[in-house]
Amino acid sequence: MDFAFTDEHEELRQTVRRFLEGKSDEQAVRSLMATDSGYSEEVWTQMAEQMALQAMVVPEAHGGAGFGPVELSIVTEEMGRSLLCAPYLSTAVFAVNALVQAGSDEAQGEILPAIAAGQSVATVALVDAGKGWEVEEVSTKAEADGGAWRLTGNKSYVLDGHIADVILVAARTDDGIGLFRVEPGADNLKRELTPTLDTTRKLASIELSGTQATRVDKGGDQTAALSRAVALTTIALAAEQVGGAQMCLELSTEFAKTRMQFGRAIGSFQAIKHRCADMLVEVEFAKSAAYYAAFRASESDDDNEILAAAAIAKSYCSEAYFDITNATIQVHGGMGFTWEHPAHLYFKRAKSSAALFGDPLEHRERLADHLGL
Amino acid sequence: MANVEMSEEELRERTRKLLQEVNPDEVDQYTFRGKQWDHGLAMVHFPEGLGGLGLNPKMQAIVNDELRQGAKTFYEDLNVNPIGIGMGAPVVLTYGTDEMKKTLIKRIFTGEDIWCQLFSEPGAGSDVAGLSSRAVRDGDDWVVNGQKVWTTLAHISKWGMLVSRTNPDLPKHKGMSYFLLDMEAPGVDVRPLYQITGEAEFNEVFLNDVRIPNEYMLGEEGDGWKVAITTLMNERTALGGGSGRKGGGPIGILQSLWKSNADKHSKTAKAVLRDQITQLYIKGELLRLTSQRARAAAKSGNPGPEGSVGKLAQAELYKKIWECGLEVLGPEALVYEPGYELRRPEAEERRDSLTYAKYQFLRSRANSIEGGTSEIMRNILGERVLGLPGEPRVDKDVAWKDVPRGG
């Protein structure tokens, strides 16, 4: 493992950063987080047409760029830095990974080109009400009904589930977990926006009561394939956390250099300086965790190894990000507690992204099992 | 210095020739390393005639590789004479007279003369430049008085690298000079420094009217800080950065302690400890990966902050790992097998993972102090990496003698 970022990677990072600085500044974030849809269709289209960002990990055969976890992580890291409000994690990361890992060729051919072109918002409804993020925990029932299927269950924390036009649902059949597609206009489908701690990322609940669905997987039990898709999504999310953490370190450092109290910049006091130094250590460790996981996932076929790297990345980056945003509020003093300062936006994003796709304790438990502790 | 062209194969061939001439398994350390020196294979980046061949320092790895393959006995520089080879030889090469280069460097390499470094003082730890031992000129000699502390190997050293104040009227950084001190000179009194582990790894060195001939000053009068700073930097790099194997080192020992002690704990304690160990494992992995990332960045000529966090992170992590180790041991932590009778470091403490964990629990307290305290490291990260302003200084542009100091 030599963390071999290339010049092309660096160029990708700079291009995405410039784009987001223009399209997702603080003002844009604040206005979009106040809407129900939570994104700008105009910017979503530009992301696809100018940058092909939704196409990152879509296979070339389906109109995508055919990149892997390393390139995807560069993009999500930059999105985390700017707190981009867009259905990217749901559509271009989770749905694409789920379809690539578990989807039939036909379903991939049908859905992926539209995603890559920025013409679709897609999501995966995974978590059942009261359950966790492990694919084995899925309890929504899928029953065959002639050539079609009927789904019954309550899905929670569905990323952008209230606006998605492609709704993929993980449900339990008699022979394991399958991946299904529900039409947004189907009968007996209730979708509701969830009021969220972090309003920059929208979640919905989805109620399925014998709702008609199409099976879109390769056939047979999809537990392993969907678990891999969850791990790859988790790795991209860890990179998003790194981007936010780095931004908060920069905000705090800049503030500590310019805020004067007792006749000195507060950053000259060791109490503040040392907190910033600890943040720096956490950011660097978080980068190592997220980058390692991305490189591992692009080089290895071993599911256990990818899951372990994802567990390290998600548990460490979640806690580091939270700690750093917490410190960011503290370093900014009273200012950091106001609505008008962006510190709380990152703080809320940190806590909510820690709870998404398994919290740090769950991931450590999985890692402990893997290590035989 | 690296001006002589030599291919890897030529260098290997030269090393094999040395091994044909003298077998390290059959002669003693001084003989073998003396021959290695004569062949220019001691420190290949040193000039010809002074143990080297004027090559790139990285090429030493080729020689060492060949030596390891060619014989059972291999002498690690770090075991032979860590301070002499790491700091003594370079400083003599840079600042010493031709006579010193000829007489001193070879004996450093063979280990015939062990070297130590006399910088820290009881009143000058993190603030080494505030040191107060005094050197006063008397004819052709300097007469030194004062006390040094934390001096590794002083009890077996022939030479010490001494920094002492020669002009208290100048600001602190400007009034020091650098000397080579013959540790056998009258007035040098070395005493073991009793540590919390029961060992004495270090010494206190008392200097009472010790006379040093003027030609043993390295650099000019007042250059002491400049000469010293180059050698200090080496120490910090050597202490930071945790590389090694996946799951190796302290965290590997903690894992094995857990395997043999987990069942001694209640269900709740087991769950809590298991998570603590997993957290430490993760940090251990990230320390390792961060230093890999630093190496990759250095190689690509684009080094960033990842290279600066290792010393701080490792010190704090290792302390936590050994604290957890004692938690894992439960009531067994009440026992300390080696006891506290004053002794020089010995293999005893490293006997088995159980004893080693208890020893390290105590020893690792020094990790966040030696080679730059964690507080100083945080200052460095804050000021040099993040660009935060320094503390207002009261000791910078005033004469050393006017700077407030404790007793």
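Select domain 2 of chain B and domain 3 of chain B, and mark their C-alpha centres: the two lie 32 Å apart. Keep in mind as you look around that this is a predicted model.

**Chain B, domain by domain**

To colour the whole chain, use the domain assignment, which gives domain 1 as 8-110, domain 2 as 114-237 and domain 3 as 240-372 in chain B. Now go back to the pair you started with and show the contacts between them. You should find 11 residues of domain 2 of chain B touching 16 residues of domain 3 of chain B. Which helix gives the most to the domain 2 side? Pick out helix H7 of chain B, residues 224-239, which supplies 3 residues there. Colour that domain 2 side by residue class and you get 4 nonpolar, 3 polar and 4 charged residues.

**Stepping back to all of chain B**

Switch to a cartoon of chain B, where 12 helices and 8 strands come into view. Along the principal axes, its C-alpha atoms fill a box of roughly 75 × 60 × 50 Å. The radius of gyration of chain B is 24 Å, which agrees with the value near 22 Å for a compact globule because that value is the one for 407 residues. Of these 407 residues, 37% count as buried. If you draw the contacts of chain B between residues at least 6 apart in sequence, 69% of them join residues at least 24 apart.

**Across to chain A**

Next, select chain A and colour domain 1 (7-120), domain 2 (123-215) and domain 3 (223-371). The centres of domain 2 and domain 3 of chain A, over C-alpha atoms, are separated by 29 Å. Their contact draws on 13 residues from domain 2 of chain A and 12 residues from domain 3 of chain A. For the domain 2 side, zoom in on strand E5 of chain A (residues 176-182), which gives the most, with 3 residues. By class, this side of domain 2 of chain A holds 6 nonpolar, 4 polar and 3 charged residues.

**Where the chains meet**

Finally, show both chains together: 32 residues of chain A are in contact with 33 residues of chain B. On the chain A side, select the elements that give two or more residues, among them helix H7 (223-258), helix H9 (303-331) and helix H11 (360-371) of chain A. Which element of chain A gives the most to this side? Highlight H8(A), with its 12 residues. A last recolouring by class shows 19 nonpolar, 7 polar and 6 charged residues on the side of chain A that touches chain B.

Conventions:
Residues numbered from 1 in each chain as written. Chains lettered and ligands numbered in written order. Predicted model: local features only at pLDDT ≥ 70, side-chain atom pairs only at ≥ 80, totals over all residues. Helix = DSSP H or I, 4+ residues; strand = E, 2+ residues; numbered from the N terminus. Rg over C-alpha atoms; globule rule 2.2 N^0.38 Å. Buried ≥ 20, exposed ≤ 12 C-beta atoms within 10 Å, placed from the backbone. Contact = placed C-beta atoms within 7 Å. Domains from an automatic or database assignment. Nonpolar A, V, L, I, M, F, W, Y, C, P; charged D, E, K, R; others polar.
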